[in-house]
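I opened my notebook to get to know a new structure, one look-up at a time. Come along and read over my shoulder.

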Amino acid sequence: MTTTTTTAEAEAYLEAVRAELDDLSGEERGELLEDLVGHLAEVSADPDDSTPLLVRLGSPVHYAAELRTAAGLPPRAGRTAARGRLQVTRPLREWAVVRRASEAWRHEWTQAGFAFARELRPAWWVVRAYVAVVMLAAIGGLDREDLPIPHVAGSRAFGLALMIGAVIVSVQAGRRASGTKRTVAVGLANAILGFAALVLFLMLQLLATSVQYVAVPTSSTAYALQSPHGPVTNIHPYARDGTPLHGVLLFDQDGRPLRTAEQRWWADGCDRVIDHPRAADGVPVEFSYPHDYVALPSTGQRCAVSPSAPEVPLPELPAPSPDAHDETPASGPAGEDAPAAAGD
Amino acid sequence: MDASQLLKGVLDVAVLAVLEHEDGYGYDIVRRLRLVGLDEVGDASVYGTLRRLYKQGSLTSYLVPSEEGPHRKYYAINDVGRSQLEESTKTWQAFADAIDRVLDLNREAA
């Protein structure tokens, strides 16, 4: 009797076919394999047939596929035409939720969406290079000057050179990676940069909408006025009848001049300083309100518009009584003579 | 024309016909089909077809104890299978005749 197969070979074949059928129910699989066991035994015992097992039966993968088709079973999940590769272990797969998610994943719309996203990859390559350089620049601190090309190591030119280099590297890496399996490292780098890009985007939104105040007290101030909302950088006085006042000198309860902080950052990106009125002796009077913020000569076009006074909710106040206290201007050491409030 | 492609369509008929003649087990049925001249038929296809026909209800099966090895699973055709065979034979015959006619037309014209 010619033996065309050893038991070990038959065992191996059986195992391989079993693996190909592992997505079927235990009962189904058992039945099909049972047939194969019998068949392998018959084949090995056949005196007329000396063909090697693999030649006679074909590869285990092929055998299993042919078996399934003839038996009216669907082809092995994962070998279907769909690009979706969501393979889940058997017990989990039974769970309806997982099954539906898996179907959704393989749905042509999801796959079409992925195909579209794939077309946008070159754009992502450029964006990630930008983000990477910005992250590098962020080590040295970021401010408004860093848009759109960040300063790296103090130099914008260097930042630009680095940016160009990064874009080239990123695009080349992206092109080389197309079609091949991405390494975990690349995937991780992408994820980090993606997250950084999102953070950067949000930060830019905030930057655009907020007005930054930086309280930088001048050397002559011991304190700066604060409100619950942050430093006070200007005071807009109005007369009772709603007329805006200028050149108003303010003092606190102890006779000290009221000073505010100086606003440094403006929403329009302009650089401004306070133009303090000068007293007769030439000394700037820093407690005259409202402050006149004027653009620095170097800023040019940006600062065409000077900051306007804010809209204020002026209350309707009754006209003052003909007693004219309020009309008396305080001048010099008038404090001593300030009349006590007349009884009414 | 690839014979194996043709065979896939009629394997059910072939298997039923073989069993109509005499009960058989997997390996035996493969052998009989090959003897008739159907070398292209794959072992897996036969076993799969047997399972499917059985599930459809066209065949019955029984085990026969064997001394040399595992018990052999024999298949037998039943009435459902017989009527399916009859139907399919008619369809096949009509189809084969039509193809023959088309081929004849060509031959006559040539």
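**Entry 1: a patch on the surface**

I began on the outside of chain B, where B:W92, B:F95, B:I99 and B:L103 make a nonpolar surface patch of about 390 Å². I kept in mind from here on that this is a predicted model.

I then looked up where B:W92 sits, and found it in helix 4 of chain B, which covers residues 79-109. Is B:W92 buried, exposed or partly exposed? B:W92 has a relative accessible area of 40%, so I noted it as partly exposed. I also wrote down a reminder about helices: an α-helix has 3.6 residues a turn, so residues three or four places apart point the same way.

**Entry 2: the rest of chain B**

Next I stepped back to see the whole of chain B. I counted four helices and three strands, and their order from the N terminus is α-β-α-α-β-β-α. Of the 110 residues in chain B, 40% are buried. The chain exposes about 6,700 Å², with 56% of that coming from carbon and sulfur atoms.

I also checked the contacts in chain B with a separation of 6 or more: 46% of them join residues 24 or more positions apart.

Helix 2 of chain B, residues 26-36, got a closer look. Which of its residues are buried? My list reads B:G26, B:Y27, B:D28, B:I29, B:V30, B:R32 and B:L33. After this helix comes B:G37, and I noted its positive phi, near 125 degrees.

**Entry 3: over to chain A**

Chain A has 344 residues, and 27% of them count as buried. I found ten helices and six strands in it. Its exposed area is about 22,700 Å², of which carbon and sulfur atoms supply 62%.

I ran the contact check here too. Among contacts in chain A with a separation of 6 or more, residues 24 or more positions apart account for 63%.

**Entry 4: space inside**

How many cavities of 30 Å³ or more does the whole structure hold? The search found two, and I picked the second largest, which has about 30 Å³ of space.

I wrote out its lining: A:E28, A:E31, A:L32, A:A71, A:L73, B:R51 and B:K55. Helix 2 (26-45) of chain A and helix 3 (43-56) of chain B each supply at least two of the lining residues. Which element gives the most to this lining? I found that helix 2 of chain A does, with three residues.

How values were computed
Residues numbered from 1 in each chain as written. Chains lettered and ligands numbered in written order. Predicted model: local features only at pLDDT ≥ 70, side-chain atom pairs only at ≥ 80, totals over all residues. Heavy atoms only, no water. Patch = residues over 30% accessible without salt bridge, like charges linked within 9 Å, V, L, I, M, F, W, Y side chains within 5 Å. Areas by Shrake-Rupley, 256 points an atom, 1.4 Å probe, with all protein chains shown as cover. Salt bridge = Lys/Arg side-chain N within 4 Å of Asp/Glu carboxyl O. Buried < 20%, exposed > 50% of the residue type's maximum accessible area, 1.4 Å probe, protein only. Contact = heavy atoms within 4.5 Å. 1 Å grid on protein atoms, 1.4 Å probe; cavity = no way out; pocket = protein on both sides within 12 Å on 5 of 7 lines; lining within 4 Å. Points joined across faces, edges and corners; volume = space filled by probe spheres on them.
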